[in-house]
Amino acid sequence: MRRRSLFPQVVIDRDTESEESSSEEEEEANVVLPEEERVQKGKTPITITLKKVCKVCKKSGHEAGFRGATYIDCPMKPCFLCKMPGHTTVTCPHRVATEYGMVPARHKNTTNPLEFVFQRQLHPRLPPIKPAHVIPDQVHCAVIRYHSRRVTCLEFHPTNNNILLSGDKKGQLGIWDFGKVYEKTVYGNIHNCILNNMKFNPTNDGSIYAASSDGTISCTDLETGISLSLMNLNPNGWEGPSSWRMLYGLDVNSDRSVVLVADNFGYLYMADIRSNNKTSKPTLIHKKGTKVVGLNCNPLQPDLLLSCGNDHFARIWDMRRLEAGSSLYNLEHKRVVSSAYFSPLSGSKILTTSLDNRIRVWDSIFGNLDYPSREIDSSESLVVIGRYISENYDGAALHPIDFINISTGQLVAEVMDPNITTISSVNKLHPREDILASGSSRSLFIWRPKKLDIALPREEKRVLCGEVSKKRNKKHGDESDDDSENDIFRSKDNSLKQKKLASKSSSYKSRRILSRK
């Protein structure tokens with residue numbers, strides 16, 4: 001006969017506001033033993049109290065999190081948007097204020113000689129501009145679950161308008177011809193982990209450079225998928241997180257024929273395009289031990305380099321005298337600077353985004369850099385940003401893509417699709433056409449203006465789901481993806497044991513066609 005283990009009585013004291021548990025839970029929780037056994041062992045009943053507590057601060061009396069499609073902030077924490085106490089995101093004044101909380105620019109009367117040179121010599125070289133405020137506001141085509149992990153970067157082909165390249169957290173490189181929708185290729189042997197950034201070779205549009213968290217720079221032939229390594233910062237392999245170098249920011253200086261990359265310890269590296277070797281020793285451009293997440297060369301003056309990182313600064317450098325502490329100017333932020341760019345046509349403005357939920361614009365080197373400005377050329381007046389905080393749209397929690405006018409701070413448009421329930425964390429505007437590419441979770445989406453989409457033939461107005469899924473009834477937005485960088489360290493041994501060969505998708509078992517409204 002099996003001996004019965006002796007436990008004390010478990011009594012559940014239920015909060016009046018808490019949800020009632022099922023009968024099965026009560027049967028499992030209320031374990032009542034014979035009286036003689038409890039007396040014999042001297043066991044006293046154990047009382048478990050179930051009360052509603054906040055998931056954020058763990059205190060009772062309030063709740064936080066999603067209620068349906070609406071997210072409720074914890075009143076015990078500062079506002080997520082402005083970081084000030086006393087109110088929540090829903091009632092934040094910056095959410096509804098005039099000009100969306102942007103600070104007016106200070107009056108400048110600049111007689112800087114650099115500004116004179118820009119107006120006389122550089123400004124006439126600017127290419128013709130597109131009509132202002134043409135918003136790609138409708139999904140034209142898509143590939144669902146294209147990547148096996150979350151999309152991390154996007155890049156349009158410099159000469160073929162219908163080619164979009166994408167990288168993911170697994171180090172794979174995707175090539176998609178969205179003009180034909182179904183033609184796509186994924187090269188899985190490029191990197192061992194996150195592909196953080198990529199740029200085309202300025203002298204050969206058939207190859208692309210990529211920087212990865214495995215500490216390497218690759219140059220990949222788009223036709224064959226053959227990849228060459230220009231630099232490896234971890235030649236001895238995994239020796240622990242304290243010495244493992246990961247590459248984040250990347251750009252190409254065509255005048256100097258070098259690839260610029262920056263790592264997670266604050267250093268800048270250069271590799272020669274012609275010899276595929278390092279050209280100099282690494283240079284400390286941000287606080288030692290901090291991550292440099294972005295690099296951007298000025299489009300008209302490539303010797304001007306813009307960098308940003310986790311030390312709360314964006315910095316401007318002159319590559320002709322590049323050394324530690326020699327930055328031309330340091331643009332201070334309150335929190336981590338997540339991106340920094342020169343304006344793509346004139347190169348005379350700088351835009352940064354930060355984890356303090358602010359967008360800042362500076363007048364580059366031609367004006368006063370002590371304070372951010374909202375001044376910007378009429379041809380470069382829009383920025384595109386994926387929204388982190390979800391909104392309730394007819395009962396669905398969606399994350400719109402915002403088009404913001406930098407000159408006024410006005411929200412020009414917010415585009416969304418009810419089938420896209422995840423955050424569009426990577427967005428890329430086409431350099432020559434009115435097209436927006438967005439990466440949301442593992443999927444890619446192409447947006448076009450509605451007025452252009454109406455004129456297309458009926459058979460072209462479709463969304464193709466080209467990746468086979470075992471759970472066909474499950475929306476792609478429900479897929480979860482762990483964005484923690486710790487999985488780089490946990491999966492290092494597995495990633496070194498095997499590498500996936502390049503695979504070209506030529507047939508698809510599952511397709512879904514969504515008609516345009």
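Where is the place of Asn277? In this predicted model, Asn277 sits in the loop that runs between β16 and β17. That loop is a handy starting point for a walk through the structure.

**Around Asn277**

With a relative accessibility of 42%, Asn277 counts as partly exposed. Once neighbours within four places in sequence are set aside, its contacts are Leu230, Met270, Ala271 and Asp272. Val259 lies 18 residues away from Asn277 along the chain, and the C-alpha atoms of the two are separated by 10.0 Å.

**The sheet next door**

The two strands that flank this loop belong to an open sheet of four strands, ordered β14-β15-β16-β17, with antiparallel pairing. Its edges are taken by β14 (247-253) and β17 (283-284); each has a single partner strand, so one side of each is left without a neighbour in the sheet. Strands of a sheet pair through backbone hydrogen bonds, either parallel or antiparallel. Here β15 (residues 258-263) and β16 (residues 267-272) are joined in the antiparallel sense over five bridges. Within this part of the sheet, Val259 stands opposite Ala271 in β16, and Ala271 is also one of the residues that Asn277 contacts.

**Two nonpolar cores**

Which residues have the most contacts inside the largest nonpolar core? They are Ile217, Val259 and Val261, in a core of 17 residues. Two or more residues of this core come from each of β11 (204-212), β12 (216-221), β13 (227-232), β14, β15 and β16. A second, separate core has 16 residues, including Cys141, Val143, Phe178 and Val426.

Ile217 deserves a closer look. Not counting residues up to four places away in sequence, Ile217 touches ten-odd neighbours worth browsing on screen, among them Leu228, Leu230, Leu247, Val259, Val261 and Ala271. Leu230 and Ala271 appear in the contacts of Asn277 too.**Aromatic rings**

The structure holds three aromatic pairs. A pair of aromatic rings is described by the distance of the centres and the angle of the planes. Two of the pairs are set out here.

| Pair | Centre to centre | Angle between planes | Arrangement |
|---|---|---|---|
| Trp176 and Phe178 | 6.0 Å | 65° | edge-to-face |
| Trp238 and Trp244 | 5.3 Å | 55° | tilted |

How do the members of these pairs sit relative to the surface? Trp176 is buried, with a relative accessible area of 0%, and Phe178 is buried as well, at 1%. In the other pair, Trp244 is buried at 7%, whereas Trp238 is partly exposed at 29%. Ring pairs also link Phe156, Trp176 and Phe178 into a cluster, and Phe178 belongs to the second core.

Elsewhere, a charged side chain meets a ring: Arg315 lies over the face of Phe313, at 4.6 Å from the ring centre.

**The annotated repeats and the whole chain**

An unreviewed UniProt entry carries the annotation "repeat: WD" for residues 144-177 and 330-363. Over residues 144-177 the chain is 50% strand and 0% helix, and the C-alpha atoms at the ends are 14 Å apart.

Stepping back, the protein has seven helices and 33 strands. It is made up of 517 residues, of which 46% count as buried. Among contacts between residues at least 6 apart in sequence, 52% join residues at least 24 apart.

Notes:
Residues numbered from 1 in each chain as written. Predicted model: local features only at pLDDT ≥ 70, side-chain atom pairs only at ≥ 80, totals over all residues. Heavy atoms only, no water. UniProt positions renumbered as here; feature names shortened; annotations may be inferred. Pairing = 2+ DSSP bridges. Buried < 20%, exposed > 50% of the residue type's maximum accessible area, 1.4 Å probe, protein only. Contact = heavy atoms within 4.5 Å. Core = buried A, V, L, I, M, F, W, Y, C linked by side-chain atoms within 4.5 Å. Phe/Tyr/Trp six-rings, centres within 6.5 Å; stacked < 30°, edge-to-face > 60°. Lys NZ or Arg CZ within 6 Å of the ring centre and 35° of its normal.
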